[in-house]
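Below are some notes for a reader who is opening this entry for the first time. They start with the contact between the chains and then turn to one chain and the core.

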Amino acid sequence: MQASATVMHAAVQVSSQVVPARAQMATTLGFHIILACLGIAFPSIVLLAEFIGLRRNNETALLLARRWSQAMGVLIAVGAVTGTVLSFEMGLLWPGLMRQYGAVLGFPFAIEGLFFFLEAIFAGVYLWGWQRLSGWAHFWSGMPIAVSGIFGAMSVIAVNSWMNQPGGFTESGGKITAVNPWQVFFNHAAIYEMPHMILAAYMVAGFLVAGVYAVGILRGRRDRYHYTGFAIGFVPAAILTPFQIFVGDTAARSIASDQPVKFAAMEYVAQTSRQVPEWIAGVYVNGKVYAGIKIPYLDSLLVGFGPGTKVIGWDTVPPADRPPVVWLIHLAFDVMVGIGTLLLLWGLWAAYEWWRRRRLPPQRPFWWAGAISGLAAIVAMECGWVVTEVGRQPWVVYQILPTADAATTNGGVVTTLTLIIILYAVLGVATIAILRLLSRRWRRGDTEEAVPYGPSPTQAGTGDHRDADVDRAGL
Amino acid sequence: MAYDTVGAILLAGITLYAVLGGADFGGGLWDLLAGNTAQGRAPRALIDESITPVWEANHVWLVFNLVIFWTAFPHAFAAVMSALALPLWLALAGIVLRGAGFAFRKELSTLSMQRAAGATFAFSSLVTPFFMGTVVGAIATGAVPADASRASLAAWTSPTSLLAGFLFVAACGYLAAVYLVGEATRRGNRAMRAYFARRAQAAAIVAGALSLAALLELQNSDKFLFDRLTGRSLPFVVVAGVCGLVVFALLAIGRPIGIRIIAALGVAAVVWGWGVAQYPVLLPGTAVTLSSAGAPQDTVVAVIVVFVAAVLLVGPSFALLYALQGRRMLGGGEHGALAAVPASLQAPPGAGRPRREPAERERAGPAAHTAALGVVTIAAVIRRMRQR
């Protein structure tokens with residue numbers, strides 16, 4: 001009944017800004033989530049390298065940890081500001097959501113703020129403490145970053161999962177009268193969304209790190225340094241991949257019962273029925289699936305472990321309450337599952353080779369896969385967000401608040417969207433350029449050590465032209 | 001009671017953001033005004049070294065304040081975000097460019113790129129506090145209606161709002177200069193101590209003048225707020241004024257002892273003077289008070305619990321960060337890939353020696369010039385506004 005009240009309300013003032021506002025939120029979240037993954041998981045990988053370095057007196061691992069923490073400094077800074085953009089956008093783009101439910105969904109964000117503090121404080125200590133803090137003291141100063149990354153992620157995902165499975169509050173006469181913080185935080189969807197995203201973060205970060213060194217190995221830099229760098233990223237991510245697939249499978253089954261319309265869009269279930277087939281790929285247009293592979297009974301089997309399982313279709317809700325562009329949701333879901341499966345097979349390849357021959361596969365295809373594994377993990381993770389966010393439409397709070405009702409009524413979102421796309425393009429290019437610059441500088445350092453008579457890179461960088469007297473104010 | 005507590009928590013968060021995060025913006029302001037590459041090398045190196053390990057942690061206060069605002073006072077939050085969308089977008093752009101510019105400058109190796117990143121950092125350090133100031137000015141003068149759903153240009157371009165914007169910039173510059181005097185003293189860098197002492201005094205004069213101008217303006221435009229500020233908030237106003245004068249005097253006699261705490265106290269007094277003046281109303285000119293801004297009691301209690309947990313966890317962590325920073329334990333050192341300070345910003349040998357002092361003294365001009373020019377411009381703006 002709450003839903004119908006808000007739907008009527010929506011009819012009164014549907015914002016024309018809802019589409020650009022959604023596009024802007026998608027752009028900024030899609031950009032930030034990559035940095036968020038690195039913020040959540042990269043510190044653990046750096047700490048793992050430092051741990052190996054300290055424990056086994058492994059100079060290579062220690063050098064990697066030092067260098068990675070420099071990259072981490074850049075990534076955390078960009079992640080901090082792009083995360084702030086999202087905080088502002090909660091109010092600037094979705095005042096309707098915050099006005100009505102800020103008191104409910106705000107609380108997990110407050111917990112996130114706490115962990116964000118710990119993360120930023122200890123990042124200040126860890127990143128800049130390399131020189132003057134002793135080995136293990138420095139290692140432990142990084143632990144709070146890794147721990148608060150996980151808890152911070154849980155808090156933010158608590159909000160997103162609450163939007164999928166809202167609960168823990170009482171609303172009467174359009175006003176929130178009571179809130180149960182525990183039920184808000186540990187809502188029905190949080191149980192699977194939290195591990196799904198945290199594992200995704202570790203896979204993205206691990207495979208990205210591995211990918212950097214796989215490229216180096218492909219280019220012939222087959223040294224201890226590159227193999228160590230590859231392994232420290234690859235091993236944790238590959239070990240977590242099967243767990244991720246298990247969590248994802250459980251999540252899909254929960255969505256089939258909790259958000260059946262979203263699930264119907266994911267699997268092209270137009271009519272509620274039994275013996276539902278599974279569609280692999282394919283585009284749904286006007287009741288027909290083109291270019292898809294149909295596997296009979298499989299969807300019913302996956303949902304309820306029997307071909308007779310009834311799967312709810314999108315015909316159970318009126319057309320206005322169905323998500324738009326079902327083919328996007330379905331294809332995004334398939335791409336995510338497909339990449340996850342390939343990453344699993346790739347990890348098994350390495351596991352087999354290690355089991356039989358105690359080495360990593362020497363075949364070039366293995367390393368080619370390594371080179372793109374990080375990007376593949378990012379694509380899978382972004383697809384997952386497309387599934388959950390587009391699949392929840394037309395609701396911002398599932399079956400309670402329509403997205404159109406939440407969007408700002410201020411004009412000009414197209415302008416901010418355009419500017420933000422330009423700004424983020426520059427930011428993205430600059431971040432990648434800087435990371436490449438760092439890697440080039442490190443490599444020059446390597447060659448400097450190997451070839452003592454080579455020109456010193458530090459001298460080249462601090463030459464006389466530095467004193468060029470150009471007025472800064474003129475910029 | 002619970003609502004008053006959350007109000008106090010929000011005000012405390014704003015205070016901490018102002019005195020910690022504000023100083024980081026002020027550092028960017030002095031970076032902007034530090035002159036050409038050669039002249040600006042020593043001050044920029046000190047600014048960079050002082051901000052680097054702490055700016056992200058200080059920045060979190062902003063996010064924390066936003067979260068407390070939308071959780072405990074969602075109706076007021078939605079109204080503010082709708083009515084003041086433009087200055088908030090602009091402040092946000094400044095925040096992104098400031099952080100990215102600062103982080104990138106460190107890692108870039110060519111001078112021109114470093115300069116571009118540095119200019120981005122420095123310029124957006126100026127822009128951000130200005131627009132934040134206009135937002136606070138607009139809220140304080142009751143320009144945000146309770147049911148705002150449309151952005152309003154008039155709300156944040158009133159003389160008081162613009163004055164608040166300039167005041168924020170001046171206050172950030174003042175705090176940064178005072179803190180940098182402390183940083184220079186700790187490093188035994190007398191040239192930089194004198195350099196930032198002069199700038200702190202100039203900023204103090206500008207900030208003081210702007211505060212007085214804002215009070216005068218309020219006497220005409222917002223009698224209610226003026227009466228409150230000179231009534232129940234008078235103790236805070238007096239403390240703010242006294243702190244400013246004490247810092248100025250200590251700098252003038254060359255004994256900058258305890259000035260960082262006194263300066264922070266002065267700025268905190270301004271924030272609390274504002275909060276107390278409009279208590280218990282959240283959006284002046286409307287019926288939206290601390291307890292009627294849309295959150296039930298449960299939420300407010302949850303926020304207080306989280307805040308207590310945050311104080312217990314974050315407080316000691318901050319103490320550790322600042323203690324390590326104070327003992328100069330945080331910094332990349334001088335060599336190789338892990339240099340914390342960009343090579344172009346590293347102080348040339350001898351920068352810290354007294355023999356450079358005469359040269360520095362000759363450059364006292366620009367700061368005073370800037371200060372004087374700022375006051376004149378602002379005065380002219382106010383006169384124009386009055387005439388309209």
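**Notes on the contact, chain A and the core**

1. In this predicted model, the contact draws 72 residues from chain B and 75 residues from chain A. On the side of chain B that touches chain A, at least two residues each come from α3 (55-72), α4 (74-83), α5 (85-107), α6 (111-140) and α13 (297-326) of chain B. The largest share there, 14 residues, belongs to α13(B).

2. By residue type, the side of chain B that touches chain A has 47 nonpolar, 20 polar and 5 charged residues.

3. Chain A is built with 15 helices and 6 strands. Its radius of gyration is 25 Å, and the globule rule gives 23 Å for 475 residues; the two are close, so chain A is as compact as a globular protein of that length. Along the principal axes, the C-alpha atoms of chain A fill a box of roughly 75 × 60 × 40 Å.

4. Of the 475 residues in chain A, 51% are buried. Among the contacts in chain A with a separation of 6 or more, 74% are between residues 24 or more positions apart.

5. The largest nonpolar core has 297 residues, and those with the most contacts inside it are A:C37, A:A201, A:V204, A:A205, B:V144, B:Y174 and B:L175. Helix α4 (residues 95-128) of chain A gives the most to this core, 23 residues.

6. Which residues does B:L175 touch, leaving aside those up to four places away in sequence? They are B:V19, B:G22, B:A23, B:G26, B:A263, B:A264 and B:V267.

Methods. Residues numbered from 1 in each chain as written. Chains lettered and ligands numbered in written order. Predicted model: local features only at pLDDT ≥ 70, side-chain atom pairs only at ≥ 80, totals over all residues. Contact = placed C-beta atoms within 7 Å. Helix = DSSP H or I, 4+ residues; strand = E, 2+ residues; numbered from the N terminus. Nonpolar A, V, L, I, M, F, W, Y, C, P; charged D, E, K, R; others polar. Rg over C-alpha atoms; globule rule 2.2 N^0.38 Å. Buried ≥ 20, exposed ≤ 12 C-beta atoms within 10 Å, placed from the backbone. Core = buried A, V, L, I, M, F, W, Y, C linked by C-beta atoms within 7 Å.
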